[in-house]
Amino acid sequence: MLLEKGFEVDAIIENIGQKQLADHLAKAEFYVHLAHPEGFPMACLEAMRMGTIVVGTTGGGGNEFMFHNETAMC
């Protein structure tokens, strides 16, 4: 649906290194976290560190730093 609306979508479906992940996040405007975090969602923090807007659900460690319309879109 995003592609149909003219958005560029970059889905990472393979294992990549930290440098490659940082490069992807630095280019992205949004990071959509598709997993419900039961532990600590480090990927969300990494995206925030790169200035990327995080979209996802809270839970587990995400409750500590993902606040709707403040630090993320939950």
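1. Contact is used here for heavy atoms within 4.5 Å of each other. With that in mind, and remembering that the model is predicted, the note starts from Thr52, which, once its neighbours within four places in sequence are left aside, is in contact with Leu25, Ala28, Glu29, Phe30, Tyr31 and Ala47. Thr52 is placed in the loop between helix H2, residues 42-49, and strand E2, residues 53-55. Despite this loop position, Thr52 is buried, its relative accessible area being 5%.

2. Lys27 belongs to helix H1, which covers residues 18-27, and its C-alpha atom is 8.3 Å from that of Thr52, although 25 residues separate Lys27 and Thr52 in sequence. The two residues should nevertheless be read apart as regards solvent: Lys27 is exposed, with a relative accessible area of 66%, whereas Thr52 is buried at 5%.

3. A second pair of residues distant in sequence is Arg49 and Ala22, which are 27 residues apart along the chain and whose C-alpha atoms are separated by 9.3 Å. Arg49 lies in helix H2, and with a relative accessible area of 68% the residue is exposed.

4. On the overall architecture, the secondary structure comes to two helices and two strands, and from the N terminus on these elements follow the order α-β-α-β. Of the contacts between residues at least 6 apart in sequence, 18% join residues at least 24 apart.

5. As to overall dimensions, the protein has a radius of gyration of 12 Å, which agrees with the value near 11 Å that a compact globule of 74 residues would have. Taken along the principal axes, the box filled by the C-alpha atoms is roughly 30 × 30 × 20 Å. Buried residues account for 23% of the 74 residues, and the accessible surface comes to about 5,600 Å², with 56% of that area belonging to carbon and sulfur atoms.

6. Why does the search of the whole structure find zero disulfides? A disulfide requires two cysteine sulfur atoms within 2.5 Å, and the sulfur of Cys44 has its closest cysteine sulfur in Cys74, at 8.6 Å, so the separation is too far for a bond. Seen from the other side, the closest cysteine sulfur to that of Cys74 is the one in Cys44, again at 8.6 Å. The surroundings of these cysteines can also be set side by side, since Cys44 counts as buried at 0% relative accessibility, while Cys74 is partly exposed, with a relative accessible area of 38%.

7. Asn69 deserves a look at its backbone, since this residue has a positive phi of about 60° although it is not a glycine. Most residues other than glycine have a negative phi. Asn69 is found in the segment after E2, and it is exposed, with a relative accessible area of 59%.

8. On charge, the protein carries 4 positive and 10 negative side chains, and the centres of these two sets lie 7 Å apart. Lys and Arg are counted as positive, and Asp and Glu as negative, so the exposed residues Lys27 and Arg49 both belong to the positive set.

Key. Residues are numbered from 1 along each chain as its sequence is written. This is a predicted model: local features need pLDDT of at least 70, side-chain atom pairs count only at pLDDT 80 or more; totals for chains, interfaces and linings use all residues. Side-chain values use heavy atoms; hydrogens and water are left out. Buried means under 20% relative accessible area, exposed over 50%, partly exposed in between (1.4 Å probe, protein chains only). Helices (H or I, at least four residues) and strands (E, at least two) are DSSP runs, numbered from the N terminus. The radius of gyration is taken over C-alpha atoms; the globule rule is 2.2 Å times the number of residues to the power 0.38. Accessible areas come from the Shrake-Rupley method with a 1.4 Å probe; for residues, only the protein chains shown count as cover. The place of a charge is taken as NZ of Lys, CZ of Arg, CG of Asp or CD of Glu.
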